[in-house]
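Let's take a walk through this structure together, from its domains down to individual contacts. Keep the 3D view open beside the text as you read.

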Amino acid sequence: MLLELLERRVENLKRVGVAFSGGVDSFTVAYLCSRHAETTLYTVGFPDSHDVKAARELARVLELDWVPILLDRERLEEAVIEVLDFLEPGPRLPVEVCFEIPLYLVAKNSRERVVVAGQGSDELLLGYHRYRNGIGAEEQIRLLKELEKTVERERAMFARFGKELVLPFTDPEVVEFCLSLPLEKRADKKILRSELSRIFPDAASRKKKAAQYGSGVVKELKKISGGRLAEYVRERLLISRLLREISGPVREADPFRVLVSCVISQRSREERTEEACRRLFSRAKTPEEIVELGPEKVSELIKPAGLYREKAARIVELCKRISSGVPDTREGLMGLPGVGPKTADVVLCYGFGKPVVAVDTHVNRISKRLGLVPGDASREAVKRILEEKIPPKFRKYVNQGLVRFGREVCRPVRPRCGSCNLSDLCPKVYIGS
Ligand code: SF4
């Protein structure tokens, strides 16, 4: 009877993805979907995790296409930032964040417009160990309310990717049926196991770990955070909010132009730098053409940026050295005259698209105020720590975004904390310094 009710919810689907952890719930929905729709199974986890191993085996039993979404440290840390951004201003507890990561990655990576999952079974069929001996009416109501909130959140997560999440266990008819069952049939999903065992005895008897444990997410995050998971999640929430604040189109350009622009920008206001660059690059498009112009003509063209004579001499000298190409390593760039670590990192990031954090005065000041790095950290240490904490995918936003943020909001003097979107999370370390 339960299988029939569940099947009704999926019998009209034509092509679906199934969030498949290898437990009895997702196995059941995968089997029912496969009777009607072209079905692909998706499993998220570390390669040696419980879920990936179980799912691989059970996908073979069902003879369905199986797509593992394998995690590594970088992909996981990236997902933490994205899930926290999605959850705002909702739950931020480590367990909730970890719990949503596998489903979030299915929402992001599945190819089908409709994804089916086994969520709800634990709440209705008392899959949690603590309810093996029964559940009070009040607790049952609380559990169902929690489920409602989770379902709403997870549906919104799929909607963000233009997809629909179908949860057969939360269908009203299924809910009513499950709640009408006596405890001995509900607890530990006995009814589900018993109906499924007539078709797949082995799959029906399997035990399952919660998604955050089965996928290996919690284990890896505990390792990354040195056991301080709550602190880690709090800090990643701050980073996620910061990235939301500073992300935007990134101005990438020819490495040669980025390098020359950096020299022009030194001790110059942004609009003046832009004007000087426009004037210079309208007359010279390559290092050779700049060398041909010579220091005098270059200084005339970049005059709006100030200190034009010194800058022109350095630019011409630089261009002589890069006629065969701009080096694409930090060491190579820092071997050029007048190129320091910040300029080298700016060229690597915005000229070569490398995942590098370039630390200038704004990045240095703001990361300290936010408590992301110690107040006495050197610029090299700031770079190293930020690169440890910010996954490669997001690093390109840091320099460009913090320069703007540092001019408009977190200003060197009198930062606008009152209107800053980070205010509730920011410890405001060294404020006023
Ligand atoms: S709250 Fe204040 S100190 Fe913190 S980032 Fe915002 S402006 Fe800067």
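In this predicted model, the C-alpha centres of domain 1 and domain 2 lie 36 Å apart. The domain assignment gives residues 2-215 to domain 1, residues 225-250 together with 353-433 to domain 2, and residues 253-349 to domain 3. Where domain 1 and domain 2 meet, domain 1 contributes 10 residues and domain 2 contributes 13. On the domain 1 side, two elements supply two or more residues each, namely α4 (73-87) and α5 (94-109). Of these, α4 gives the most, with seven residues. The character of that side is split between five nonpolar and five charged residues, with no polar ones.

**Two helix crossings**

It is worth turning the view to α4 again, this time with α14 as its partner. Two packed helices are described by the angle between their axes and the distance between the axes. The table sets out the values for this pair and for a second one, α21 with α23.

| Helix pair | Axis distance | Crossing angle |
|---|---|---|
| α4 and α14 (229-246) | within 9 Å | roughly 75° |
| α21 (361-369) and α23 (396-408) | 8 Å | about 80° |

How do α4 and α14 cross? Their axes meet at roughly 75°, which makes α4 roughly perpendicular to α14. From α4, the residues involved are Val80, Ile81, Leu84 and Asp85, and they face Arg236, Leu237, Ile239, Ser240, Leu243 and Arg244 of α14. By class, this contact holds six nonpolar, one polar and three charged residues.

With an angle of about 80° between them, α21 and α23 are therefore also a roughly perpendicular pair. Here His362, Val363, Arg365 and Ile366 of α21 meet Val398, Asn399, Leu402, Val403, Phe405 and Gly406 of α23. The residues of this contact divide into six nonpolar, three polar and one charged.

**The sheet**

Now for the strands. Strands of a sheet pair through backbone hydrogen bonds, either parallel or antiparallel. Which order do the five strands of the open sheet follow? They run β3-β2-β1-β4-β5, and the pairing is parallel. At the edges sit β3 (65-70) and β5 (164-166), each of which pairs on one side only. From one strand to the next, the twist averages 30°.

A good place to look closely is the pairing of β2 (residues 38-45) with β3, a parallel match over six bridges. Within it, Tyr42 has Val67 of β3 as its bridge partner. The helix α5, already met on the domain 1 side that touches domain 2, lies across β1 (15-19), β2, β3 and β4 (114-116). Relative to β2, α5 runs at about 135°.

**Around the ligand**

Finally, have a look at the ligand. How many residues surround it? The shell contains 13, and the closest are Cys410, Pro415, Cys417, Cys420 and Cys426. By class, the shell has nine nonpolar, one polar and three charged residues.

Technical notes. Residues numbered from 1 in each chain as written. Predicted model: local features only at pLDDT ≥ 70, side-chain atom pairs only at ≥ 80, totals over all residues. Near = placed C-beta within 6 Å. Nonpolar A, V, L, I, M, F, W, Y, C, P; charged D, E, K, R; others polar. Domains from an automatic or database assignment. Contact = placed C-beta atoms within 7 Å. Helix = DSSP H or I, 4+ residues; strand = E, 2+ residues; numbered from the N terminus. Axes fitted to C-alpha atoms, helices over the stretch in contact; angles between N-to-C directions. Parallel < 35°, antiparallel > 145°, perpendicular 65-115°, else oblique. Pairing = 2+ DSSP bridges.
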